[in-house]
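Please open the structure in your viewer and keep the sequence panel beside it. The tour below goes from one selection to the next and says what is to be found at each stop.

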Amino acid sequence: MTLQAQTEVAAELVNVRRVYQMGGTEVAALDGITHQFGRGEYWSIMGSSGSGKSTLLNILGCIDRPTEGEYLVGGSPVSTLNDDQLSELRGARLGFVFQSYNLIPQLDVLENILVPVMYRDEWPPWALDRAKELAERVGLGGRTGHRPPELSGGQQQRVAIARALINDPDLILADEATGNLDTKTAEEILEVFDELHAEGKTILLVTHERSIGLRAEFTLKLVDGRTEEVVENRSS
Amino acid sequence: MIIRSPFLRTVRLGISSLLLHKLRAFLTTLGVLFGVASVIAMLAVGEGASESAQEQIRQLGSQNVILRSVKPPEDQQSNQDVRVLAYGLTDSDRLRIEYTYPGVRSVIPVMQVPEEVRKGTRVCRPRVLCTRSDYRDATGRVIYEGRFLSELDESLEEPACVLSYEVARHLFPFSSPVGETIRIGGEYLEVVGVVLPRGPVGQVSIDSSTEVGGDIFLPLSAGRRMFGTTQVKMRSGSRDITEVELHEIIVDVRNAADVPMIADACRAMLDREHNDKDWEVIVPLELLLRAEETKRIFNIVLGSIAGISLLVGGIGIMNVMLATVTERTREIGIRRALGAKRKDIVIQFLVETTVLSGCGGVAGVALGLIIPAIVEATADMPTIVTPQAPALAFGISVGIGVIFGLYPAWRAANMDPVEALRHE
């Protein structure tokens with residue numbers, strides 16, 4: 001469901017269920033979610049712990065598959081894709097920003113930004129220039145040779161954002177992207193997301209903090225794996 | 001520096017990942033290093049030992065068939081005060097071979113005299129061999145100085161002799177023996193030449209007080225005239241008289257392919273003509289083939305033993321890589337989330353194991369080349385490093401790296417990305 005029906009759909013969930021086996025019992029982390037995320041929209045996905053936020057993000061990020069239902073990226077169902085095709089889809093059309101940054105410690109800033117490019121079949125000629133440009137953009141142009149342990153948390157998260165943008169993805173998926181940062185640094189990161197949104201990027205931000213959720217254009221609230229409500233945040 | 005080639009990028013990444021745990025990588029490499037070094041060293045020692053054995057056989061002459069007289073067992077001898085024993089090869093055996101078998105170049109008689117050799121106060125007890133001039137052609141002995149026996153020496157029963165190098169050095173430590181006179185038993189002979197030494201073949205008599213091996217050659221005709229064919233040994237209360245016409249007959253065969261046939265014919269003839277089994281037939285070619293087979297088995301056994309140490313090295317690699325995969329579970333999850341396919345993860349970990357085993361292999365080859373040199377210098381053992389040995393050992397080490405890296409790599413590639421990302 002989208003509040004802007006005229007917008008082109010970036011990602012769509014159709015009656016998605018994700019069931020886990022816990023001992024002998026089945027637990028539905030997602031229980032029949034149907035929703036559309038329009039292109040260029042900025043969504044926050046909110047809910048209490050155990051509401052299914054992370055499971056939903058995993059499915060949106062194609063690192064997990066629904067037990068039932070269908071997930072479509074740019075109108076194409078992902079259930080028909082094999083493991084390699086899913087990997088290609090993740091690398092080319094999705095950008096991840098994790099709570100704990102998840103940079104690769106033995107690579108420097110520039111190499112970390114280039115990781116999604118490394119798994120392309122061919123090295124694109126624009127890759128290096130774009131990586132430098134993105135490093136510059138997130139304010140790390142002077143630190144491209146540094147490795148993650150030499151950077152602050154905020155700087156590492158900026159590298160992660162640059163990495164998410166390197167392939168110019170259709171969807172940017174952020175999982176509690178400011179959860180490990182202090183208020184000031186979190187604000188800086190959120191400003192980067194605001195800028196990306198202003199540029200027309202589609203952003204799905206999972207958070208449990210209301211104040212952060214309200215910065216998004218729309219909020220999808222989950223309770224017990226179901227959609228509780230969809231809110232248009234007028235303040236954004 | 002950004003490397004555009006995917007393979008080189010993966011290699012660089014593998015190396016930088018390994019360098020995160022330098023000591024662990026070094027210790028893992030050591031396992032392969034010693035495995036490779038021991039394969040090369042063991043093969044080198046084995047090769048050296050078998051080559052020297054084969055060289056000795058080759059010196060017998062691969063185109064020769066050697067017939068030897070063998071003293072019959074004690075129980076066939078009489079128990080009287082005077083024991084007379086006549087056995088072994090005869091001139092008629094030699095003539096029968098010479099005139100009967102086609103394809104024989106020459107048949108060389110050899111009679112051995114158990115006499116002491118003296119020059120002044122210097123005494124030794126080498127093999128004193130009475131033979132003909134063609135002995136040298138059949139055995140390939142090389143002249144050091146002077147000449148070998150000639151046909152004229154034989155026909156004139158000249159009291160001439162040729163010393164092997166060891167004997168010459170013992171009797172004449174500071175001068176050339178050619179033209180000098182030595183004493184064999186009670187007879188005086190002139191030294192006409194010296195031949196170079198060769199490996200210890202047959203029964204070389206070495207007197208315990210005068211430890212000199214080697215041979216002295218003199219004309220058969222002169223030897224028979226001087227010493228006869230009968231030898232008398234005095235024992236307490238009895239005398240042993242033995243008569244041996246020829247101690248050895250060397251059949252020089254023209255064509256190597258005929259050697260087995262001639263050897264069989266000789267065996268058949270001697271079997272027919274001799275009542276007792278007082279002879280043996282030695283075929284160096286057969287010995288050589290047998291030695292080559294032994295060498296092959298020896299190499300397989302040694303290679304297998306050394307291979308086990310490589311296997312242990314491989315298990316070490318696998319162990320470390322399994323630990324590495326567990327440690328880097330989160331990294332695997334990140335890479336998978338960012339677009340890495342299963343095969344990319346497999347290649348990444350395989351490159352790491354190959355780098356580990358490859359480094360161990362290179363260092364092992366270096367050590368494996370040094371060890372045989374040390375063994376040769378310190379233990380006086382011949383060693384031969386064939387070009388195949390380092391290549392084989394290095395190839396096996398890399399192969400082991402790949403084989404033992406496959407399971408950890410497969411495990412890494414098949415991790416659930418969601419679970420991997422949750423891993424702390």
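Begin in chain A by selecting the open sheet of six strands, whose order is 6-7-8-3-9-10 and whose pairing is mixed. At its edges stand strand 6 and strand 10 of chain A, each of which pairs on one side only. If you look along the sheet, neighbouring strands are turned by 20° against each other on average, with direction ignored. Please keep in mind throughout that this is a predicted model.

Next, select strand 3 (residues 42-47) and strand 8 (residues 202-207) of chain A, which run parallel and are joined by five bridges. Within this pair, A:Ser44 has A:Leu205 in strand 8 of chain A as its bridge partner. Now add helix 1 of chain A, which packs on the sheet and touches strand 3, strand 6, strand 7, strand 8 and strand 9 of chain A, while its direction makes about 150° with that of strand 7 of chain A. Helix 6 of chain A also packs on the sheet, touching strand 3, strand 6, strand 7 and strand 8 of chain A, and its direction makes about 150° with that of strand 8 of chain A.

Move on to the edge of the sheet at strand 6 (residues 94-97) of chain A, and display the side chains there. From this strand A:Leu94 and A:Phe96 point one way, whereas A:Gly95 and A:Val97 point the other way, and all are buried. Strand 6 of chain A pairs with strand 7 (residues 171-175) of chain A in the parallel sense, over four bridges; to see one of the paired positions, select A:Leu94 together with A:Leu171, its bridge partner in strand 7 of chain A.

From strand 7, follow the chain into the loop that leads to helix 6 of chain A, where A:Thr178 is found. Is A:Thr178 buried or exposed? With a relative accessible area of 7%, A:Thr178 is buried, since the cut-off for that term is under 20%. Leaving aside neighbours within four places in sequence, the residues in contact with A:Thr178 are A:Ala186, A:Ile189, A:Leu190 and A:Ile212.

Two loop residues with an unusual backbone angle make the next stop. Most residues other than glycine have a negative phi. A:Cys62, in the loop between helix 1 (53-60) and strand 4 (68-73) of chain A, has a positive phi of about 60° although it is not a glycine. A:Asp224, in the loop between strand 9 and strand 10 (226-232) of chain A, likewise is not a glycine and has a positive phi of about 50°. As for surroundings, A:Cys62 counts as buried at 2% relative accessibility, whereas A:Asp224 is exposed, with a relative accessible area of 57%.

Before leaving chain A, colour it by confidence. Its mean pLDDT is 88, and 96% of its residues reach 70 or more. Over residues 1-6 of chain A, however, pLDDT stays under 50, and for this stretch the model has 14 contacts beyond four places in sequence. Where pLDDT is low, the predicted coordinates should not be read in detail. Taken as a whole, chain A has seven helices and ten strands, and buried residues make up 55% of its 236 residues.

Now turn to chain B and select its open sheet of three strands, which has the order 2-13-12 and mixed pairing. Strand 2 (82-86) and strand 12 (230-235) of chain B are at the edges with a single partner strand each, so one side of each is left without a neighbour in the sheet. Strand 2 and strand 13 (residues 238-243) of chain B pair in the parallel sense over five bridges, and here B:Val84 stands opposite B:Ile241 in strand 13 of chain B.

Then select helix 3 (residues 91-100) of chain B, whose buried residues are B:Asp91, B:Asp93, B:Arg94 and B:Ile97. Seen down the axis of helix 3 of chain B, these buried residues fall within an arc of 160°, so they line one face of the helix. Among the elements that cover them are strand 1 (64-69), strand 3 (104-113) and helix 8 (259-273) of chain B.

For the last stop, select the cysteines. B:Cys124 counts as buried at 0% relative accessibility. How many disulfides are there over all chains? The count comes to zero.

Conventions. Residues numbered from 1 in each chain as written. Chains lettered and ligands numbered in written order. Predicted model: local features only at pLDDT ≥ 70, side-chain atom pairs only at ≥ 80, totals over all residues. Heavy atoms only, no water. Buried < 20%, exposed > 50% of the residue type's maximum accessible area, 1.4 Å probe, protein only. Pairing = 2+ DSSP bridges. Arc of directions from axis to C-beta. Contact = heavy atoms within 4.5 Å. Disulfide = S-S within 2.5 Å. pLDDT = per-residue confidence, 0-100. Axes fitted to C-alpha atoms, helices over the stretch in contact; angles between N-to-C directions.
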